[in-house]
Amino acid sequence: MQDTANLIRLLTAIAAIVLGSGGIIALFYGANWLVNGLPYGLRSRVLPWVYMTPALAVLAAFLILPTIRTLIISFMDRRSEAFVGLDNYIFAVTNSAMLIAFRNNLLWLVLVTSISVSLGLVIAVLVDRVPYEPLAKALIFLPMAISFVGASVIWRFVYAYQPPGFEQIGLLNAIVVALGFEPVGWLVNRTVNNFALIVIMIWLQTGFAMVLLSSAVKGIPQDVIEAARIDGANEFQIFWRITIPMINSTIVVVSTTIIVLVLKVFDIVFVMTGGNLDTDVIASRMIKEMFNFRNFGRGSAIAVILLLAVIPVMVANIRRFQQQEVNR
Amino acid sequence: MSSVSKKRPAQARTRLDRLETLLTTAPVHVVVIAIALLWTLPTAGLLISSFRQPDALLTSGWWSVFVPPFDPAQFHLGNYMNVLTRQGMGQAFLNSLIITIPATVMPIAIATFAAYALAWMQFPGRQLLFVVIVGLLVVPLQMTLIPVLRAYNSLGLSGTFLGVWLAHTGYGMPLGIYLLRNYIGTLPRDLIEAAAVDGASHLKIFTRIVVPLSTPAIASFAVFQFLWVWNDLLVALVYLGGNQNVAPVTLVLRNLVGDRGQDWHLLTAGAFISMVVPLVVFLGLQRYFVRGLLAGSVKG
């Protein structure tokens with residue numbers, strides 16, 4: 001009985017996968033076949049739009065229209081029935097829980113970005129000089145494949161707390177106790193819990209920074225470094241005066257990518273503490289307003305604040321892209 | 001004679017050099033090995049713990065398995081059996097596959113066609129469209145959740161696989177088009193024009209020339225999208241809601257943390273089940289993943 005149920009599940013799964021994946025490809029072939037019936041001149045004008053339309057449709061349905069809609073909802077009440085002017089925004093920047101979320105997000109942004117980028121850079125430079133470079137890099141890079149939820153469980157285990165006198169099963173508290181201190185409730189102690197969460201993100205993102213910076217470091221022409229060495233520069237001077245200026249643009253790209261990611265951090269806080277004990281961030285407040293309090297106006301206003309924060313990055317990306325097109 | 005006398009000091013110098021390099025590189029080795037170990041330890045602890053007996057897990061740290069006498073009998077697969085069958089992780093694993101595979105194939109197909117049109121077809125508004133897509137790269141998902149959820153509720157799409165597939169297709173589209181258009185745009189013009197002169201239709205050029213030549217870029221995007229969808233919690237949480245029958249591994253693992261937060265034998269095994277597919281994909285296709293990172297580390 002159990003076996004047939006499982007078999008049916010498995011077959012449903014395969015059918016769903018085939019239908020979902022095959023359907024989209026059939027769609028393109030079907031549309032192309034229809035367009036082939038048109039006269040040549042018309043066909044060459046219609047065909048680009050046949051190729052573009054599915055993409056434009058999902059972009060419009062899932063990104064462009066919802067973004068506009070959220071902007072409008074952010075000026076309306078909890079059920080989007082009446083306009084309330086700037087009330088939701090005033091709430092978002094004056095409410096004490098929101099202010100804590102802003103403070104925490106700032107802490108996340110500064111610490112995660114600065115530590116993962118600088119650590120990634122140091123590792124990228126050092127790992128270049130050891131023969132087991134691929135292995136070391138793979139180990140540090142590996143957390144990139146792990147979901148935020150998985151990483152949260154991994155670190156909950158590292159932070160596990162048992163009362164004093166009991167055997168500590170969390171790695172960190174075992175070390176603390178072995179050094180002769182009292183065990184610390186890393187996730188409940190308000191002075192350390194935010195930092196405990198931030199460490200997880202640093203653990204996840206350092207590998208990313210390292211990989212990008214490492215390929216930039218390898219791109220520095222060897223003769224520049226040789227010339228500096230002949231002129232008597234030591235390794236630290238080479239690092240500060242040559243390596244960093246030469247990979248500056250990569251440092252900027254890596255930093256902005258991490259900033260955009262950290263700005264929207266949600267999963268780690270949601271899984272580890274649920275945002276309790278002063279650990280909320282902007283994105284987790286947004287989900288709370290939306291799901292727990294059912295206040296779509298406030299939730300939307302908080303989302304708009306996130307959007308405003310990434311607009312400089314958006315403008316920079318577009319500028320960078322236009323530069324590329326000119327250089328093409 | 002003279003060559004020998006020259007050789008000796010040279011040899012001495014290399015030996016001295018070698019000692020000197022060893023001394024100067026020793027701190028480098030120490031730092032690199034220390035960081036690599038530090039980065040691996042949390043995951044290693046989880047993996048080892050997932051094979052330990054439930055009560056042993058709660059009374060001693062995972063590092064105690066290294067204390068002699070070494071007893072292989074302390075390891076078992078019971079935690080995995082329990083979490084797969086009784087905690088719903090088996091069904092969740094299947095759900096994750098059902099969600100992830102189409103949610104990877106669909107955006108690849110749509111984005112590749114669009115990227116080809118943007119790179120090699122003439123139509124008005126082409127440049128503007130691409131600029132808009134570049135801008136959309138960093139739009140926070142949070143901006144779209146409420147309107148899409150409302151639309152899904154009225155269309156009956158919330159809690160369905162189709163709803164999640166479409167949502168992931170939309171959210172992955174800007175990165176896909178960006179990566180693929182940049183790659184397809186650099187294919188040799190002669191090749192594509194020659195095929196067009198020979199009378200090949202756009203579909204033929206696309207399937208016979210562009211797609212085969214773009215496999216590395218398509219693979220990069222595929223790895224990205226696969227990892228992103230498999231590891232996603234937010235989209236599943238919002239659009240699948242409380243429907244446990246369709247919940248992916250991330251959602252079930254999260255609920256496990258909430259309901260059985262101290263049952264480490266379940267959490268460690270569950271976490272590892274949720275991680276195994278992305279780890280295999282990542283280790284197998286790391287090359288493509290890194291290439292994708294280098295080409296477009298701008299996604300929002």
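This section describes the fold, the domains and the contacts of chains A and B in a predicted model.

Both chains are helical. Chain A comprises 14 helices and 0 strands, and its elements follow one another along the sequence as α-α-α-α-α-α-α-α-α-α-α-α-α-α. Chain B likewise holds 14 helices and 0 strands. The radius of gyration of chain B is 27 Å, well over the 19 Å that the globule rule gives for 300 residues, so chain B is more spread out than a compact globule. For chain A the radius of gyration is 26 Å, where a compact globule of 328 residues would have a value near 20 Å.

The extents of the C-alpha traces were computed along the principal axes. Chain A spans about 80 × 60 × 60 Å, and chain B spans about 75 × 75 × 30 Å. In chain A, 41% of the 328 residues count as buried; in chain B, 49% of the 300 residues do. Among contacts with a separation of 6 or more in chain A, 65% join residues 24 or more positions apart. The corresponding share in chain B is 79%.

Each chain was assigned two domains. In chain A, the assignment gives domain 1 as residues 2-73 and domain 2 as residues 91-159 + 192-327. The centres of these two domains of chain A, taken over C-alpha atoms, are separated by 34 Å. In chain B, domain 1 covers residues 3-81 and domain 2 covers residues 82-294, with 36 Å between their centres, again taken over C-alpha atoms.

The contact between the domains of chain B involves 11 residues of domain 1 and 11 residues of domain 2. On the side of domain 1 of chain B that touches domain 2, helices α1 (2-49), α2 (54-59) and α3 (78-85) each supply at least two residues. Helix α3(B) gives the most to this side, with 4 residues. By residue class, this side of domain 1 of chain B divides into 7 nonpolar, 4 polar and no charged residues.

The contact between the chains takes 79 residues from chain A and 85 residues from chain B. Helix α2 of chain A, formed by residues 40-73, gives the most to the side of chain A that touches chain B, with 17 residues. The residues on this side of chain A comprise 60 nonpolar, 13 polar and 6 charged.

The geometry of helix α2(A) was examined further. Its 34 residues should span 50 Å at 1.5 Å a residue, and the end C-alpha atoms of α2(A) are 46 Å apart, which agrees. Helix α2(A) nevertheless bends by about 50° at A:Ala60.

One residue of chain B that touches chain A is B:Ile98, located in helix α4 (residues 89-120) of chain B. Its contacts, not counting residues up to four places away in sequence, are A:Ala13, A:Ala16 and A:Ile17 in chain A, together with B:Phe161 in chain B. B:Ile98 and B:Phe161 are 63 residues apart along the chain, yet their C-alpha atoms are separated by 7.7 Å. B:Ile98 is classed as buried because 23 other C-beta atoms lie within 10 Å, and the cut-off for this class is 20 or more.

A further helix of chain B, α13, was considered in the same way. Helix α13(B) runs over residues 264-284 and has 21 residues; the distance from its first C-alpha to its last is 29 Å, close to the 30 Å expected at 1.5 Å a residue. A bend of about 35° occurs in α13(B) at B:Met275, and a proline, B:Pro278, follows within four residues.

B:His265 is found in helix α13 of chain B. With 24 other C-beta atoms within 10 Å, B:His265 is buried. B:His265 touches B:Pro54, B:Leu57 and B:Asn79, when residues up to four places away in sequence are not counted. The C-alpha atoms of B:His265 and B:Leu84 are separated by 12 Å, these two residues being 181 residues apart along the chain.

Definitions and conventions: Residues are numbered from 1 along each chain as its sequence is written. Chains are lettered from A and ligands numbered from 1 in the order in which they are written. This is a predicted model: local features need pLDDT of at least 70, side-chain atom pairs count only at pLDDT 80 or more; totals for chains, interfaces and linings use all residues. The expected span of a helix is 1.5 Å times one less than its number of residues. The bend at a residue is the angle between axes fitted to the seven residues ending there and the seven starting there. Two residues are in contact if their C-beta atoms, placed from the backbone, lie within 7 Å. Ala, Val, Leu, Ile, Met, Phe, Trp, Tyr, Cys and Pro count as nonpolar, Asp, Glu, Lys and Arg as charged, and the others, Gly among them, as polar. A residue is buried if 20 or more other C-beta atoms lie within 10 Å of its own, exposed if 12 or fewer, and partly exposed in between; C-beta atoms are placed from the backbone. Domain bounds come from an automatic or database domain assignment. The radius of gyration is taken over C-alpha atoms; the globule rule is 2.2 Å times the number of residues to the power 0.38.
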